[in-house]
Amino acid sequence: MKKRILSGMRPTGKLHLGHLVGALSNWTRLQSEYECFFMVADWHALMSEYENPQLLKDNMLDNVIDWLSCGIDPEKSTIFIQSHVAEHLELSFILSLITPLGLLERCPTYKEQLREVTNRDLSTYAFLGYPVLQAADILLYKADAVPVGEDQLPHLELTRQIVRKFNHIYRTDCFAEPKALLTEATRLLGLDGRKMSKSYNNAVNLSDTKEEVQKKVQTMFTDPKRIKRTDPGHPEVCNIYSYYKVFSPERANTLINECKEAKLGCTDCKKALSELLVNKLAPIQEKRQELVKDKNKIEKILRDGAEKANAIAALTMAEVKKAIGL
């Protein structure tokens, strides 16, 4: 029997190249090795986007279309919307009863978001409890492992602490501690050299047209030390070169000397990268165009996924309630 994993994304905007290389490529590979549950995390999105909830519905369908276009197969994986399974919030509340405030306040992501997000108020009860809901997401399906990068290990350890405390207090073995499935998540910087983010508007989206890709790539941050076309380049600090290393390692190997010897200008390099990215996105967008025409098919995939998720979640909650005496 395959081991089970759970992962998800918040539907806060269009998906971009960072999602493709950082998560979706891994998901596509993992679904052949594991029993996969892929969740549209709309409750998690609402924790930060509570002032604009009307955007979530369109984003959810759009994101799932991208998942399918990138190779996520509903015949192999369970795809569902978090809020369509009521037990997520139910289990989250039960776990919150035993989770110390200090544990949540020390969460690295919580502190980082409070510092960096200045355009909305995240000093809320729900946002502080984000990791508890995350633990409920994982434990509801009794996931054996969770695909994470090293920077996300503290989040998973918090889930493991909650498991240990729940099992100890209620003298049960209802939950096993989920293991980290460390994945090599390739990270791309945004067009401006900062972290690639929907909120920074610095990404090439999976749904961008050829013209949009070309226009965006022309604005990319390059080598700040290269002033003139005849100056030798420093590819190790150039954002364009980092994209070549991800999307065309062979070309990156030859490009490095051409750049250092000033045989190739930044404008030429950007033009070639645009073509590379357009070609990379072409099969994804071809499938995407087919799926957009049949949204009933997407909704059926989500209904079927929710039905399967609900069945498992109900069994888990029956065990939880028995353990705590309800």
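This passage walks through strand pairing, helix burial, one pocket and a few individual residues in a predicted model.

A convenient place to start is the parallel pairing around strand S2. Strand S1, which spans residues 4–9, runs parallel to S2 and is joined to it by 6 bridges. Within this pairing, Ser7 has Phe38 of S2 as its bridge partner. The connection between these two strands passes through helix H1 (residues 17–30), and S1, H1 and S2 together form a right-handed β-α-β unit. S2 also pairs with strand S3 (residues 77–81), again in the parallel sense, over 5 bridges. Here Phe38 stands opposite Ile79 of S3. Phe38 thus takes part in the register on both sides, with Ser7 as its partner in one pairing and Ile79 facing it in the other. S2 itself, covering residues 35–40, is mostly covered, with 5 of its 6 residues buried.

Two of the helices repay a closer look. Helix H3 (residues 54–69) is mostly covered, as 12 of its 16 residues are buried. Among them are Leu56, Asn59, Met60 and Leu61, along with Trp67, Leu68 and Ser69. The buried set also includes the acidic residues Asp62 and Asp66. After H3 comes Gly71, with a positive phi near 115 degrees.

In helix H4 (residues 87–96), the buried residues are Glu87, His88, Leu91, Ser92, Ile94 and Leu95. These residues lie on the same side of H4, because they span an arc of only 165 degrees around the axis. An α-helix has 3.6 residues a turn, so residues three or four places apart point the same way. The elements that cover the buried residues of H4 include strands S2 and S3, together with helices H8 (130–140), H9 (153–169) and H14 (295–324).

H4 also helps to line the second largest pocket, which holds about 400 Å³ of space. Its lining comprises 16 residues, and those nearest the centre are Ser92, Ser96, Tyr125, Ala126 and Gly129. At least two lining residues come from each of H2 (42–48), H4, H5 (101–105), H7 (125–128) and H8. Of the contributors, H4 gives the most, with 4 residues. Ser92, a residue of H4, is buried at a relative accessible area of 12%. Leaving aside residues up to four places away in sequence, Ser92 touches Val132, Leu133 and Ala136.

Further along the chain, Leu255 sits in helix H12 (residues 249–260). Leu255 is buried, with a relative accessible area of 3%. Beyond residues up to four places away in sequence, Leu255 touches Tyr241, Tyr244, Leu264 and Cys269. Asp192 is 63 residues from Leu255 along the chain, and the C-alpha atoms of the two are separated by 21 Å.

Finally, two loop residues deserve a mention for their backbone angles. Most residues other than glycine have a negative phi. Lys142, although not a glycine, has a positive phi of about 50 degrees. Lys142 lies in the loop between H8 and strand S4 (145–148) and counts as partly exposed, at 30% relative accessibility. Arg171 likewise has a positive phi, near 50 degrees, in a residue other than glycine. Arg171 is found in the loop between H9 and strand S5 (179–182), and at 77% relative accessibility Arg171 counts as exposed.

How values were computed: Residues are numbered from 1 along each chain as its sequence is written. This is a predicted model: local features need pLDDT of at least 70, side-chain atom pairs count only at pLDDT 80 or more; totals for chains, interfaces and linings use all residues. Side-chain values use heavy atoms; hydrogens and water are left out. Buried means under 20% relative accessible area, exposed over 50%, partly exposed in between (1.4 Å probe, protein chains only). Two strands pair if DSSP finds at least two bridges between them. A crossover is right-handed if, with the strands pointing away from the viewer, the path from the first strand over the helix to the second runs clockwise. The arc is that of the directions from the helix axis to the C-beta atoms. Contact means heavy atoms within 4.5 Å. On a 1 Å grid over the protein atoms alone, a cavity is a set of points where a 1.4 Å probe fits but cannot get out, and a pocket is an open set with protein on both sides within 12 Å along at least five of seven lines; lining residues have an atom within 4 Å of a point. Grid points are joined across faces, edges and corners, and a volume is the space filled by probe spheres set on the points.
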